[in-house]
2 protein chains.
Amino acid sequence: MTAAYEVDPWCVRETELDLDRLAQSESVFSLSNGHIGVRGNFDEGEPHGLPGSYLNSVFEQRPLPYAEAGYGYPESGETVINVTDGKIIRLLVDDEPLDLRFGRLAGHERVLDLREGTLTRRLEWQSPAGPSVRVTSTRVVSLTQRAMMAICYEVESVDQDVRIVVQSELVANEPLPDMGQDPRTAAVLESPLVGEEDLVSGDRVVLIHNTRVSGLRMAAAMAHEIEAPTKIHVQSDSHPDVGRVTVATRLKPGQKLRLIKYVAYGWSSRRSRSALHDQVIAALAAAEQTGFDGLLAEQREYLDEFWRGADIEVDGDPEIQQAVRFALFHILQAGARAERRMIPAKGLTGPGYDGHTFWDTETFVLPVLTYSLPAAARDALAWRHTTIPTAVERAHQLGLEGAAFPWRTIDGRECSGYWPAGTAAFHVNADLADAVVRYLDATGDEDFAAEAGIELLAVTARLWRGLGHHDVEGVFRIHGVTGPDEYSAIADNNVYTNLMAQKNLRNAADLTMRHPDVAQRLGVTAEEAADWRDAADRMFLPYDERLGVHPQSGGFTDHAPWPFDAMTAASYPLLLSYPYFDLYRKQVVKQADLTLAMHLCGESFTPEQKERNFTYYEALTVRDSSLSAQTQAVIAAEVGHLELAHDYLAETALLDLHDLNGNTRDGLHLASLAGAWNALVCGFGGFRPNAGVLHFSPRLPETIPRLVFHLRYRGGILRVTITHAEATYALVEGEPLSLTHHETAFTLSPTTMTATYPLPPHHPSPHRPTQPKGRSPLHRSRQLLARE
Amino acid sequence: MTAAYEVDPWCVRETELDLDRLAQSESVFSLSNGHIGVRGNFDEGEPHGLPGSYLNSVFEQRPLPYAEAGYGYPESGETVINVTDGKIIRLLVDDEPLDLRFGRLAGHERVLDLREGTLTRRLEWQSPAGPSVRVTSTRVVSLTQRAMMAICYEVESVDQDVRIVVQSELVANEPLPDMGQDPRTAAVLESPLVGEEDLVSGDRVVLIHNTRVSGLRMAAAMAHEIEAPTKIHVQSDSHPDVGRVTVATRLKPGQKLRLIKYVAYGWSSRRSRSALHDQVIAALAAAEQTGFDGLLAEQREYLDEFWRGADIEVDGDPEIQQAVRFALFHILQAGARAERRMIPAKGLTGPGYDGHTFWDTETFVLPVLTYSLPAAARDALAWRHTTIPTAVERAHQLGLEGAAFPWRTIDGRECSGYWPAGTAAFHVNADLADAVVRYLDATGDEDFAAEAGIELLAVTARLWRGLGHHDVEGVFRIHGVTGPDEYSAIADNNVYTNLMAQKNLRNAADLTMRHPDVAQRLGVTAEEAADWRDAADRMFLPYDERLGVHPQSGGFTDHAPWPFDAMTAASYPLLLSYPYFDLYRKQVVKQADLTLAMHLCGESFTPEQKERNFTYYEALTVRDSSLSAQTQAVIAAEVGHLELAHDYLAETALLDLHDLNGNTRDGLHLASLAGAWNALVCGFGGFRPNAGVLHFSPRLPETIPRLVFHLRYRGGILRVTITHAEATYALVEGEPLSLTHHETAFTLSPTTMTATYPLPPHHPSPHRPTQPKGRSPLHRSRQLLARE
């Protein structure tokens with residue numbers, strides 16, 4: 001795979017058009033604020049890879065069928081829908097529609113600007129009939145006005161006097177390309193919106209629709225500002241599924257028509273049609289008052305503040321430099337204004353995974369937001385808090401105490417149709433508890449703790465207490481669950497699950513007992529907390545003395561090895577060619593599981609165990625999941641395989657820009673993008689925050705001479721600068737901080753704002769761990785060294 | 001539940017009509033020969049519980065849907081269909097249709113005669129308009145002419161001169177009552193037959209149909225003999241879905257109209273319409289030549305010969321006496337003429353389980369046939385042999401060697417839509433291998449061994465060799481499989497599976513090496529056989545030293561106990577109220593698993609282990625499966641709990657006659673019926689055949705003073721008579737036999753035709769094992785003792 005994008009530290013720029021890779025580039029060029037999201041489709045609608053406009057939590061329900069039903073199987077699922085498309089601006093040049101499949105493209109550029117927060121497109125096109133035009137469009141999805149998208153569209157005649165018609169549209173129920181889905185599902189999603197109202201007033205159009213089954217109502221509205229050198233003719237019309245403002249004019253060479261389009265979205269499960277109508281009209285008015293340049297200025301200001309506390313500089317690998325900023329930008333876009341709605345695995349960049357959120361949001365994405373945009377992390381957790389009643393009901397249905405949060409969902413209901421890899425993966429509950437504790441530690445947000453955080457810990461602790469049991473020797477076991485590795489399922493005493501549950505139980509006990517008023521409200525007594533602590537203290541961890549490693553779950557190291565030597569490139573991902581039963585019963589790992597436990601629960605392993613475990617699982621891990629490489633990077637760095645860590649960093653960071661898995665078309669992999677941050681900050685930075693102390697153990701591979709990253713922590717900003725020789729910790733702003741550098745404790749404060757420590761000598765292990773045949777990461781570090 | 005049937009040693013007689021239990025009685029009164037089967041629906045078609053006419057292996061395909069698909073999941077399933085109904089004979093008395101819901105029923109009787117092999121019905125009915133008629137019908141599904149059903153229908157006027165019209169019909173695509181199925185499935189099955197030809201010639205009608213997807217063609221034909229005291233008017237007509245012969249006459253009081261209806265069925269996936277047409281016409285001709293009385297005489301002769309080698313006499317419990325003959329009769333009906341087609345779990349008595357066959361045919365039903373009608377056992381195994389190509393293909397799809405026989409099927413393809421309880425239950429392969437070895441031992445059928453038996457052993461041995469693996473210490477393990485207990489799944493080293501696989505491997509090695517020509521044809525070398533023996537010898541059997549019991553599978557005894565004390569009657573069957581994930585991870589057993597291993601692989605356990613294991617698993621076994629009680633009876637008897645064994649015997653034997661599970665409406669439970677034989681012969685008889693020696697360890701509960709059973713073995717017949725004092729073994733006919741009585745070896749031969757041995761003293765255990773609260777079997781033995 002070659003990158004289609006120029007390497008630039010602050011931009012992603014495409015200068016050549018590859019119509020076969022349109023869907024991939026549409027995902028890369030998505031704009032979103034977490035509330036609304038639009039794919040990078042061309043203004044003119046066609047050609048497209050996959051048209052997409054999404055509103056957070058606007059979905060349709062569809063039946064989940066089973067060949068053999070079972071108690072507790074969810075009867076219906078939820079699927080994100082492509083809502084009314086407000087991006088469309090069609091152009092006709094002397095009657096010839098602008099369509100890049102025809103005519104001649106004399107220039108093409110798309111630029112995603114990571115500081116401006118805009119997608120700009122420039123093209124020069126010669127119509128099949130002769131005349132040429134230059135088109136420039138700048139699209140922004142506002143981070144400050146969450147309901148708003150705006151587009152500044154300019155068309156200029158190059159060489160002739162031409163008739164120009166621009167049609168700015170709202171289009172509902174766009175036909176979608178066949179996604180190879182089950183015909184029943186496809187039918188549900190083909191025309192998901194039922195028109196409820198369409199009206200036009202001047203150059204302003206409103207369309208209101210609702211969904212058939214899920215009972216949601218949505219409104220889209222547009223308004224325009226038009227500048228033209230000569231007389232224009234404007235005409236507007238609306239229909240149930242189309243709103244249209246048509247602008248006709250003539251342009252001489254060098255003359256420009258400029259159309260600014262404001263698009264507002266609103267949706268609700270409860271508000272009335274007129275309320276929604278007024279809401280979008282109001283949003284339009286606010287945006288028009290701000291003006292397009294005003295929106296751009298707000299956007300830049302918002303982003304400047306974001307980057308001030310979040311930017312990462314990576315020397316020595318410009319592609320990674322670009323990729324990590326691209327990653328941070330998209331994570332910001334996914335989380336910034338999600339505001340008590342969920343953050344899907346693909347953000348609002350595509351329909352992949354049905355638009356669901358999974359455990360990876362809490363485990364991989366929220367750490368990034370926690371230390372760069374903590375309010376967004378809070379909102380995501382607050383959304384989980386709003387779903388507690390659903391999770392309690394689900395737990396009750398399953399015969400469990402507390403709350404059982406869903407494996408995959410949009411609105412909080414379990415949507416997993418395969419329980420061994422869904423319902424049984426209870427670790428999602430500990431993952432979100434861990435995210436709560438991380439957020440509380442990073443912010444000291446006592447209000448959130450009292451309102452939501454402690455309750456999330458308590459309801460999940462109750463789940464664990466009931467899910468596990470003491471054996472006759474008093475050991476606490478958790479049987480029949482599925483850990484992160486999806487090539488294993490329904491096992492006893494998964495180490496990751498048991499350790500995360502242990503943390504969950506302890507933190508729930510500590511926090512409830514520290515907040516007696518909250519404990520009382522939740523009905524948590526000292527007896528119950530003691531019971532949680534006891535279960536945590538007696539938690540069973542399987543260990544294979546013979547091999548000197550932890551089995552991922554009880555019995556794992558007794559399984560037959562997977563026949564890796566018989567595999568070819570076409571064998572991967574294994575799940576497409578091998579049945580689950582065979583994957584589950586052999587030693588093969590889809591994604592970091594025990595290795596993830598060593599990252600998130602590192603204190604439960606000795607350094608020697610970490611090294612032995614890492615080497616053992618490296619030989620079994622095929623990375624058929626995009627969630628894996630980052631964790632392998634973090635632990636590779638911790639145990640001293642720094643070049644390998646760099647290789648994994650590259651894999652996670654470039655997954656979407658290089659479309660490494662061939663499925664970026666369905667949307668970006670937010671968790672993999674977050675992996676760039678994780679690999680750099682937790683891997684090379686050795687960042688392990690814990691109970692008010694920021695622990696760092698920095699170490700850099702030969703390929704990276706310098707790494708700088710910023711963390712927001714307790715209202716302040718910390719800058720860490722690492723070179724091969726030393727690390728400098730600088731308090732950019734904020735209250736005093738406690739830190740360690742390779743176990744040397746120190747503090748920073750407004751009086752001692754920086755501290756520099758030498759890096760301990762690095763003794764690289766002579767033996768690079770091996771991966772299954774053909775599944776090693778690309779040796780990027782070796783290539784970089786060769787290039788020098 | 002009270003029995004609806006009078007207790008009679010050779011009949012099942014119903015004298016009161018309960019319209020609410022019609023469907024249950026229709027199953028009980030089913031007639032079948034294994035080739036064709038008809039439910040005991042009334043001649044006049046209505047009222048009915050569930051109309052049903054079935055042809056072995058006539059099914060329709062339907063899509064199997066999945067909420068989340070996976071590699072290797074079957075895409076379509078198979079469902080038995082209700083074929084053209086040939087039973088229907090409608091009667092009109094002075095224009096009033098005979099319908100038991102109206103008018104007055106002055107007499108009603110249905111009798112299933114287990115020696116005659118007929119269903120006879122007698123009724124006297126007064127029409128709402130006044131006149132009364134007596135109707136007698138005798139229905140027979142011929143065991144000697146496998147395509148034939150015949151009905152002798154007589155109507156007599158009681159008190160008035162009446163006009164009588166009798167309509168004898170063939171009806172395709174009968175409307176079925178709503179079975180609460182998935183609407184998609186229901187749609188497929190609603191009108192499964194597409195008319196291809198209908199023709200009428202005199203009182204002879206032929207209807208030919210085919211199925212939409214499965215590509216089967218079927219023909220039904222009828223012919224008639226009519227006797228009437230006066231002039232009759234006969235008229236015939238046919239339509240795509242209806243063939244009708246109408247007979248009109250007048251009867252004075254005491255006069256009778258007699259109609260004999262012959263119905264022939266034929267079907268094929270390959271033969272032409274005209275071939276099928278001719279086939280059914282020919283079958284009709286043969287039956288007409290035999291005549292109705294001739295058919296009855298053949299039927300009686302066939303059954304006399306069957307009972308001579310199969311009958312069981314049970315003194316002391318007349319209901320069990322009736323039930324065991326009822327059971328043997330229905331097993332005969334299911335297997336007699338199946339002839340290289342499968343024997344479904346419900347025979348041809350109803351649409352339950354989609355008409356599929358499962359492992360229980362080989363494990364529970366074939367033992368009965370092996371020792372009472374060995375040719376039927378051979379044919380059932382020969383059917384499995386014909387499906388080897390499909391099973392090899394399935395194994396290949398699953399990445400395995402050898403053959404993987406389906407968990408549930410009609411034509412050999414896997415139809416299970418839930419792999420943890422389907423594909424993963426690989427023990428079905430060892431079960432059928434065991435049935436082959438049992439059949440070969442019982443018959444010495446070297447032809448079958450060479451043609452089919454050894455190949456079945458070899459392809460299954462190859463499966464086991466590839467499914468298991470040696471660990472680093474050389475121990476052979478089988479991981480990630482599901483044993484018989486469906487409340488556990490995907491476990492390592494299921495004792496039952498490992499022991500049965502061990503037998504399979506050893507028997508395959510022995511038999512292939514004893515037949516070098518067959519081995520060569522199958523490509524089995526001495527090296528491969530040695531490899532099988534090695535795997536068998538090193539088979540791992542988990543054992544819990546702490547508890548002194550075998551865990552059902554590795555780790556089972558570490559699981560949390562099921563909260564039995566919190567259960568109520570409404571909690572059962574548990575699978576309707578608890579999710580699989582919770583059942584799987586706790587100590588709760590749906591059906592005998594380790595206990596079944598102790599029956600079928602008894603030599604692998606010491607007597608002390610058997611007693612301890614039995615007691616341990618009794619406390620965990622809820623018998624939510626009808627397959628369980630018989631095995632609990634067998635081992636209860638073996639370890640000395642004879643009254644408990646009687647209780648379990650009653651549960652398995654009376655399951656359908658008393659409709660204990662409330663689902664006899666869907667068809668009879670053949671395996672449970674077989675359980676009556678298993679409990680008596682293997683339980684109280686202690687019958688354990690092994691390698692040419694018939695081992696017996698008889699012991700009778702206080703409630704049963706005498707038990708006699710017959711076994712066919714190597715062409716001869718053995719009669720065993722057991723009393724509390726002694727057991728007498730008599731060679732009724734045949735070659736010399738080797739036997740043991742409680743480990744005393746002896747032989748019977750034409751010169752020494754009987755031997756009598758005293759029973760050893762029985763020392764009843766003071767502690768009756770306990771079952772989960774509310775799940776003890778009914779204390780039948782105690783009731784019987786109290787009654788005395």
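The following exchange concerns a predicted model and asks what supports the terms used to describe it.

Reader: How do you know that the fold of chain A agrees with a compact globule?

Author: The radius of gyration of chain A is 27 Å, and a compact globule with 788 residues would have one near 28 Å, so the two values agree. Along the principal axes, the C-alpha atoms of chain A fill a box of roughly 85 × 60 × 60 Å. The secondary structure within chain A comes to 20 helices and 32 strands.

Reader: What makes the two copies related as by a two-fold rotation axis?

Author: In general, a rotation about an axis and a shift along it relate two copies of a chain. Here a turn of 180° and a shift of 0.0 Å along the axis lay chain B on chain A, with an RMSD of 0.0 Å. The two copies are therefore related as by a two-fold rotation axis. Within chain B, B:Tyr66 has the C-alpha nearest the axis, at 2.4 Å from it.

Reader: How do you know that the same surface serves both copies?

Author: Of the contact residues of chain B, 100% recur in chain A. Residues count as in contact when their C-beta atoms, placed from the backbone, lie within 7 Å. The contact takes 39 residues from chain B and 39 residues from chain A.

Reader: Which helix gives the largest share of the side of chain B that touches chain A, and how do its residues divide by kind?

Author: Helix α14 (residues 580–584) of chain B gives the largest share, four residues. That side of chain B divides into 19 nonpolar, 13 polar and seven charged residues.

Reader: What makes the two annotated domains of chain A distinct in secondary structure?

Author: UniProt, in an unreviewed entry, places "domain: Glycoside hydrolase family 65 central catalytic" at residues 325–678 of chain A. That span is 51% helix and 2% strand, and its end C-alpha atoms lie 13 Å apart. The UniProt annotation "domain: Glycoside hydrolase family 65 C-terminal", also from an unreviewed entry, covers residues 688–748 of chain A. There the chain is 0% helix and 67% strand, with end C-alpha atoms 17 Å apart.

Reader: Why are β25 and β31 of chain A called edge strands?

Author: The open sheet has four strands in the order β25-β26-β30-β31 (chain A), and its pairing is mixed. Strands β25 (688–690) and β31 (744–748) of chain A each pair on one side only, and are edge strands on that account. On average, neighbouring strands of this sheet are turned by 25° against each other, direction ignored.

Reader: How do you know that strands β26 and β30 of chain A are joined?

Author: Pairing requires at least two bridges between two strands. Strand β26 (residues 693–696) and strand β30 (residues 737–741) of chain A run parallel and are joined by four bridges, so the requirement is met. As one example, A:Val693 has A:Ser738 in β30(A) as its bridge partner.

Reader: What makes β28(B) and β29(B) a hairpin?

Author: Strand β28 (residues 716–723) and strand β29 (residues 726–733) of chain B pair in the antiparallel sense over six bridges. Two residues stand between β28(B) and β29(B) in this hairpin. Within the pair, B:Leu718 stands opposite B:Leu731 in β29(B).

Reader: Over how many bridges does β29(B) pair with strand β32 of chain B?

Author: β29(B) and strand β32 (residues 754–758) of chain B pair over five bridges, in the antiparallel sense. In this pairing B:Ala730 stands opposite B:Thr754 in β32(B).

Definitions and conventions:
Residues numbered from 1 in each chain as written. Chains lettered and ligands numbered in written order. Predicted model: local features only at pLDDT ≥ 70, side-chain atom pairs only at ≥ 80, totals over all residues. UniProt positions renumbered as here; feature names shortened; annotations may be inferred. Least-squares fit on C-alpha atoms with pLDDT ≥ 70 in both. Contact = placed C-beta atoms within 7 Å. Axes fitted to C-alpha atoms, helices over the stretch in contact; angles between N-to-C directions. Nonpolar A, V, L, I, M, F, W, Y, C, P; charged D, E, K, R; others polar. Rg over C-alpha atoms; globule rule 2.2 N^0.38 Å.
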